[in-house]
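Q: Got a minute to go through this one with me? I'd like to get a feel for the fold before heading back to the bench.

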Amino acid sequence: MDQISEQFSQLNLPEKGFVTKSQKNLPQLHFEDHFFRLNDSNDANKNNLNGKNIKWRCTYSTCLVKCQTNGCIIGEYYDILNFEGQHVEAPDTTKLAKLEYRRKITELATSSEAPRKIVLKAKTESLLTEEQMACAPS
């Protein structure tokens with residue numbers, strides 16, 4: 001049993017980041033409670049980046065952390081291929097839930113359902129905690 005436990009602890013599983021939508025409707029990577037935006041060195045045509053190595057940089061202006069993934073479809077998880085640097089800002093544990101809540105409401109708003117049903121559905125799908133719901137915009 002100890003041998004199995006030791007082998008399991010030595011496994012080097014790839015870490016995954018989640019791509020959500022920024023306020024500017026661009027992909028934004030969430031990894032370890034930090035956010036990354038598309039690096040300017042990616043192709044100028046940001047609509048045709050999937051399947052390529054996507055370069056990201058931290059959204060905090062003075063932070064020099066960079067990483068790479070193999071895609072940037074919003075709502076998907078991707079393996080972190082390269083990770084360079086150390087963050088200078090504190091992690092934000094509630095921002096992802098707020099962004100996902102906003103994205104869900106925007107997606108559901110195109111339906112013909114009543115506004116109260118849309119808000120309720122978005123809250124249940126994004127599974128916000130009470131603290132996150134209190135901080136979320138109405």
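A: Sure, let's go from the overall layout to the core and then to one strand.

Q: Is this predicted or experimental, by the way?
A: It's a predicted model.

Q: OK. How many helices and strands does the protein have?
A: Four helices and seven strands. Along the sequence the order is α-β-β-β-β-β-β-β-α-α-α.

Q: And what share of the residues is buried?
A: Buried residues are 33% of the 138 in the protein. As for the surface, about 9500 Å² is exposed, with carbon and sulfur atoms supplying 50% of that.

Q: Which residues have the most contacts inside the largest nonpolar core?
A: Leu-29, Phe-36, Trp-56 and Cys-67, in a core of 14 residues. Strand 2 (27-31), strand 3 (34-38) and strand 4 (54-58) each put in at least two residues. The largest share, three residues, is from strand 4.

Q: Let's stay on strand 4, then. Which residues are on its covered face, and which on the uncovered one?
A: Ile-54, Trp-56 and Cys-58 make up the covered face, while Lys-55 and Arg-57 are on the uncovered one.

Q: What's strand 4 joined to by bridges?
A: Strand 3 is joined to strand 4 by three bridges, antiparallel. Strand 5 (residues 66-69) also runs antiparallel to strand 4, with four bridges.

Q: Which residue is the bridge partner of Arg-37, and what does Trp-56 stand opposite?
A: Arg-37 has Arg-57 of strand 4 as its bridge partner. Trp-56 stands opposite Cys-67 in strand 5, and both are on that list of core residues with the most contacts.

Conventions
Residues are numbered from 1 along each chain as its sequence is written. This is a predicted model: local features need pLDDT of at least 70, side-chain atom pairs count only at pLDDT 80 or more; totals for chains, interfaces and linings use all residues. Side-chain values use heavy atoms; hydrogens and water are left out. Buried means under 20% relative accessible area, exposed over 50%, partly exposed in between (1.4 Å probe, protein chains only). Accessible areas come from the Shrake-Rupley method with a 1.4 Å probe; for residues, only the protein chains shown count as cover. A nonpolar core is a set of buried Ala, Val, Leu, Ile, Met, Phe, Trp, Tyr and Cys residues joined through side-chain atoms within 4.5 Å. Two strands pair if DSSP finds at least two bridges between them.
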